[in-house]
Amino acid sequence: GLKQFVVDVCPSRVITFLNGRSHGQSCRFGNCQDGESGCVDFGACAATPLDIVFVLDTSASIGSDDCKLVKDFLYNVVRRLDVSAGAVHVAGFSFNSAVVQQFPFQSSKDQLRTEIEALQCHNGNTRISTGLNAALNLLLLRNSQRLAVDAAVVVLTHCVNHDLDHRSLSVVAEHLKKIPGISVFAVGIGDVNGTCLRQIASNPVNEHLIEVEDY
């Protein structure tokens, strides 16, 4: 059903986008388990260094009941990536009326699993620009060894924007998307605002936008 789409198929599409867009390869992913015959070895496919920042909507409209699904989504993406010192690093923020860094850049898959399990969901308004701005600042302040590494920002939101100044979302999103080497992916959940999602996603939009009907 739809919940399975969020925790299985949706991460699969994000993985395909991340690998194909950031590593110049047309990596395919099917509904299969790790180690199953015919599955793509994403460890080999994602050997190129990449920094990924997840920006997670934890506002009242998402609800704390769906916190486990958010965790499952994250886990099903990162478990298929080569998270290691020389390859993929992963960080995460949550946002509602404010923004919280859930975990800094991690290069250990075991540590990342611990951080995901400890992720806290909150309530409040949907102020997307705060999450995007936090991701922007984190990427700009990376250490010198990672500044030249390509990056992907993955935004998971219903995109009903409650920013006090609605122009702030487009301003921050455009700034982020104009930085060379950074791709922004928008994963829209529920009754989404399509204009809002397109403001977030990099071009070409059809390669950087996924819509999930509901949790």
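When I say two residues touch, I mean they have heavy atoms within 4.5 Å of each other. With that in hand, let's start at Gln102, which sits in strand S3, residues 99-106. Setting aside residues up to four places away in sequence, Gln102 touches Gly92, Phe93 and Ser94, and also Glu115, Leu119, Gln120 and His122. Is Gln102 buried or exposed? Buried: its relative accessibility is 12%, and the cut-off for buried is under 20%.

Okay, before going further, one caveat: this is a predicted model. The protein chain averages a pLDDT of 75, and 69% of the residues score at least 70. So which parts are we to be careful with? pLDDT stays under 50 over residues 1-7, where the model has 19 contacts beyond four places in sequence. It also stays under 50 over residues 21-46, with 49 contacts beyond four places in sequence there. Helix H2, residues 42-45, has the lowest confidence, with a mean of 42. At the other end is helix H5, residues 128-140, which has the highest, at 93. Keep H5 in mind, please, we'll be back there in a minute.

Now the overall layout. The chain has seven helices and six strands. Reading from the N terminus, the order goes α-α-β-α-β-β-α-α-β-α-β-α-β. There are 215 residues, and 52% of them count as buried. If you take the contacts with a separation of 6 or more, 73% are between residues 24 or more positions apart.

On to the cores. How many residues does the largest nonpolar core have? It has 30, and the ones with the most contacts inside it are Val53, Ile128, Leu132, Val153, Leu176, Ile182 and Ile200. Quite a few elements supply at least two residues each: on the strand side, S1 (50-57), S2 (88-95), S4 (151-157) and S5 (182-189). On the helix side, that list has H5, H6 (167-177) and H7 (194-200). H5 gives the largest share of this core, seven residues. There's also a second, separate core, with 25 residues, including Leu50, Cys67, Phe103 and Leu112.

Right, back to H5, and a look at Gly131, which is found in that helix. Gly131 has 0% relative accessibility, so it counts as buried. Beyond its neighbours within four places in sequence, Gly131 is in contact with Val55, Phe95 and Val99. Phe93 is 38 residues away from Gly131 along the chain, yet their C-alpha atoms are separated by 6.6 Å.

Let's follow one of those contacts, Val99. Like Gln102, Val99 is in strand S3. Buried or partly exposed? Val99 is partly exposed, with a relative accessible area of 33%. Not counting residues up to four places away, Val99 touches Phe93 and Ser94, plus Thr130, Gly131 and Ala134. And from Val99 to Ile128, 29 residues along the chain, the C-alpha separation is 9.0 Å.

H5 has another partner to show you: Val172, over in helix H6. Val172 is buried, at a relative accessible area of 13%. Outside its own four-place neighbourhood, Val172 is in contact with Ser129, Leu132 and Asn133. Val172 and Gly131 are 41 residues apart in sequence, and C-alpha to C-alpha they are 9.8 Å apart in space.

Next, a helix pair. Two packed helices are described by the angle between their axes and the distance between the axes. Helix H3, residues 67-78, packs with helix H4, residues 109-117, at an angle of about 170 degrees, and the axes are 10 Å apart. Angles over 145 degrees count as roughly antiparallel, so that is how H3 lies to H4. From H3, the contact uses Lys71, Leu74, Tyr75 and Val78. From H4, the residues are Lys109, Leu112, Arg113, Ile116 and Glu117. Sorted by type, the residues of this contact are five nonpolar, four charged and no polar. Leu112, by the way, is also among the residues of the second core.

Last thing, a detail of the backbone. Most peptide bonds are trans. Where is the cis one I want to show you? It joins Asn203 and Pro204, with omega at about -5 degrees. Pro204 lies in the loop between H7 and strand S6, which is 209-212.

Technical notes:
Residues are numbered from 1 along each chain as its sequence is written. This is a predicted model: local features need pLDDT of at least 70, side-chain atom pairs count only at pLDDT 80 or more; totals for chains, interfaces and linings use all residues. Side-chain values use heavy atoms; hydrogens and water are left out. Axes are lines fitted to C-alpha atoms, for helices over the stretch in contact, and angles run from 0 to 180 degrees between N-to-C directions. Helices (H or I, at least four residues) and strands (E, at least two) are DSSP runs, numbered from the N terminus. Angles under 35 degrees count as roughly parallel, over 145 as roughly antiparallel, 65 to 115 as roughly perpendicular and the rest as oblique. Ala, Val, Leu, Ile, Met, Phe, Trp, Tyr, Cys and Pro count as nonpolar, Asp, Glu, Lys and Arg as charged, and the others, Gly among them, as polar. pLDDT is the predictor's confidence in each residue, from 0 to 100. A nonpolar core is a set of buried Ala, Val, Leu, Ile, Met, Phe, Trp, Tyr and Cys residues joined through side-chain atoms within 4.5 Å. Buried means under 20% relative accessible area, exposed over 50%, partly exposed in between (1.4 Å probe, protein chains only).
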